[in-house]
Amino acid sequence: MSNLTPGTPDPSCIFCKIIAGQIPCHKLYENEHVLAFLDVGPLSPGHTLIIPKGHYKTVDVMPEETAAAIGLCLPKLSRAILKATGSTDWNLLQNNGEPAGQEVLHAHFHLIPRVKGTDLREPIKGNGLPKRAWPAVEIDHVTAGKLAEQISSLL
Ligand code: AMP
Ligand code: ZN
């Protein structure tokens, strides 16, 4: 649990470390407020995370300008990702808080390219109620590096 002022870097946060350049990422785009990079556990090729450069845990504690900056980059970023991956459809997925499925506690938007006829969710077998899980795969860094270059060149 962090007592830092919202917006200031959290030294224990993996996304703040990516922003600071202490951990590598396949960067697609950045501006003053926002960084976009490939998810290391993609649900589909081109699965991208868009994050504010300030450390805000969830969208509800973000300044309006920060949330607006994320919204502003969505059209051009999605166009480049769709073009590079040959997809025509995509999901924007966003979890706020651990009960909502948020694992990295620095707000982020998942931009997930989709291909017609695919269902990203897999059934989980068990005795309880039927559940569906998101089957993330491990990233292939060689392919991801080329894809990141291709997407960046389209922006
Ligand atoms: P969420 O469950 O919404 O918090 O999603 C967190 C996402 O962050 C997951 O899809 C992870 O694969 C992704 N992730 C975690 N660490 C990294 C990293 N170092 N680089 C890129 N993506 C990451
Ligand atoms: Zn952070």
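This is a short talk on the zinc site, the ligand 1 site, the cysteines and one strand residue of a predicted model.

I'll start with the zinc ion, ligand 2. Its protein donors are the SG atoms of C13 and C16 and the ND1 atoms of H55 and H106. They lie 2.0 to 2.3 Å from the ion. What is the arrangement of the four donor atoms around the zinc ion? The angles they subtend run from 105 to 117°, so the arrangement is tetrahedral. For reference, the ideal angle for four tetrahedral donors is 109.5 degrees.

Along the sequence, the spacing of these donor residues reads C-x2-C-x38-H-x50-H. The two histidines link distant parts of the chain, being 51 residues apart. H55 sits in the loop between β3 (48-52) and α2 (64-85), while H106 belongs to the loop between β4 (89-93) and β5 (109-114). Both of these histidines are buried. On the cysteine side, C16 has a relative accessibility of 8%, and it therefore counts as buried too.

Next, ligand 1. How many residues surround ligand 1? There are 16, and the closest are D39, N95, E103, H108 and H110. I'll go through three polar contacts. From the side chain of H108, an N or O atom is 2.7 Å from an oxygen atom of the ligand. The other two involve the backbone. At V40, a backbone N or O atom lies 3.1 Å from a nitrogen atom of ligand 1. At G41, a polar backbone atom is 3.5 Å from an oxygen atom of the ligand. As for coverage, ligand 1 on its own has 510 Å² of accessible area, and the protein covers 83% of that.

Now disulfides. A search of the whole structure finds zero. Take C25, which is not among the zinc donors listed earlier. Why does C25 form no disulfide? The closest cysteine sulfur to its own is the one in C13, and that is 13 Å away, which is too far for a bond. The cut-off used for a disulfide is 2.5 Å between the sulfur atoms. C25 counts as partly exposed, because its relative accessibility is 29%.

Last, R114. This arginine is found in strand β5, the strand that follows the loop holding H106. Is R114 buried or exposed? At 19% relative accessibility it counts as buried, since the limit for that class is under 20%. R114 and L49 are 65 residues apart along the chain, and their C-alpha atoms are separated by 15 Å.

That is the end of the talk.

Key
Residues are numbered from 1 along each chain as its sequence is written. Chains are lettered from A and ligands numbered from 1 in the order in which they are written. This is a predicted model: local features need pLDDT of at least 70, side-chain atom pairs count only at pLDDT 80 or more; totals for chains, interfaces and linings use all residues. Side-chain values use heavy atoms; hydrogens and water are left out. Donors are N, O and S atoms within 2.8 Å of the metal (3.2 Å for Na, K and Ca); water is not among the atoms, so sites may look incomplete. Four donors count as tetrahedral if all angles lie between 85 and 135 degrees; four count as square planar and six as octahedral if opposite donors are over 155 degrees apart and all others between 65 and 115; anything else is irregular. Helices (H or I, at least four residues) and strands (E, at least two) are DSSP runs, numbered from the N terminus. Buried means under 20% relative accessible area, exposed over 50%, partly exposed in between (1.4 Å probe, protein chains only). A residue is near a molecule or strand if one of its heavy atoms lies within 4 Å of it. A polar contact is a pair of N or O atoms within 3.5 Å; within protein, one must be able to donate a hydrogen and the other to accept it, and residues adjacent in sequence count only if both atoms are side-chain atoms. Accessible areas come from the Shrake-Rupley method with a 1.4 Å probe; for residues, only the protein chains shown count as cover.
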